[in-house]
Amino acid sequence: GADNGPIQRVNAGGGVCSPVTQAQPGERHRLPAFLPDGRHFLYLVQNTDPSKAGVYLATLDQPAGHRLLPDRSSAIFAPRRKGESHDHLLFQRENTLMAQPFNAATLQLEGDPFLVAPQLSRTTTPTQVAASVAANGTLVYLAGSSRSEAQPVWLDRDGKELGKVRPMGDFTGLALSPDQKFVALTGSSLQPGLWLHEL
């Protein structure tokens with residue numbers, strides 16, 4: 001989205017942008033993320049009114065989204081693994097990484113939110129979750145109380161640490177490749193650039 005206003009769309013070949021969501025005056029819609037069906041997407045609404053801010057769900061053809069979570073962070077869809085009954089939404093609450101069961105068929109939250117990681121490092125965009133989930137449910141996130149302490153960590157689905165990802169550094173964001181062989185790390189002003197690390 002723009003600095004203020006709705007999420008916008010543009011054809012892959014370029015052209016004029018058109019709004020997808022409907023933003024109230026002074027409201028910002030940011031950080032969209034599609035669900036697997038390719039139509040529904042999650043996005044963050046920033047509003048000075050706490051009752052209107054949070055994580056929303058909308059579709060490309062229905063611009064009036066509805067609020068799923070009151071948290072002021074982006075949200076990540078984590079698909080269920082074999083034997084699990086729910087997908088999950090991951091989001092940031094204060095400095096923690098949280099998850100809540102989510103039914104992608106009914107598009108409803110189910111169950112209570114629970115802690116995934118107690119110390120999540122913030123990105124240069126404080127509302128963007130410093131984590132990524134692969135198609136098979138594998139999670140990687142930046143741990144640490146500050147970006148200079150950022151440490152990507154492998155976890156299993158129960159939150160047990162399986163290992164650390166090197167290098168550790170002043171990174172501000174990350175994305176895991178679908179085959180889990182690489183992680184892309186966004187550098188900061190102290191360590192600029194886009195870094196591709198082979199796992």
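The following paragraphs lead through the overall make-up of the chain, its nonpolar cores and one of its pockets.

This is a predicted model, in which local features need pLDDT of at least 70 and side-chain atom pairs count only at pLDDT 80 or more, while totals for chains, interfaces and linings use all residues. Residues are numbered from 1 along each chain as its sequence is written, and side-chain values use heavy atoms, with hydrogens and water left out.

The protein chain holds zero helices and 18 strands, where helices (H or I, at least four residues) and strands (E, at least two) are DSSP runs numbered from the N terminus. Of its 199 residues, 44% are buried, that is, under 20% relative accessible area with a 1.4 Å probe and protein chains only.

The largest nonpolar core (a set of buried Ala, Val, Leu, Ile, Met, Phe, Trp, Tyr and Cys residues joined through side-chain atoms within 4.5 Å) has 16 residues, of which L90, L97, V116, L139 and Y141 touch the most other members. Strand 13 (139-143) is among the elements that give two or more residues to this core, as are strand 9 (96-103) and strand 14 (151-155); the largest share, three residues, comes from strand 13. Leaving aside residues up to four places away in sequence, L139 touches L90, L97, V116, A131, S132, V133, V153, W154 and L155, a contact being heavy atoms within 4.5 Å. Another core, of 13 residues including L35, L68, L69 and F91, lies apart from it.

Turning to the second largest pocket, 14 residues line it, and L90, A99, F114, V116 and R157 lie nearest its centre. Strand 8 (87-93) and strand 11 (114-117) are the elements that give two or more residues to this lining.

Terms used:
On a 1 Å grid over the protein atoms alone, a cavity is a set of points where a 1.4 Å probe fits but cannot get out, and a pocket is an open set with protein on both sides within 12 Å along at least five of seven lines; lining residues have an atom within 4 Å of a point. Buried means under 20% relative accessible area, exposed over 50%, partly exposed in between (1.4 Å probe, protein chains only).
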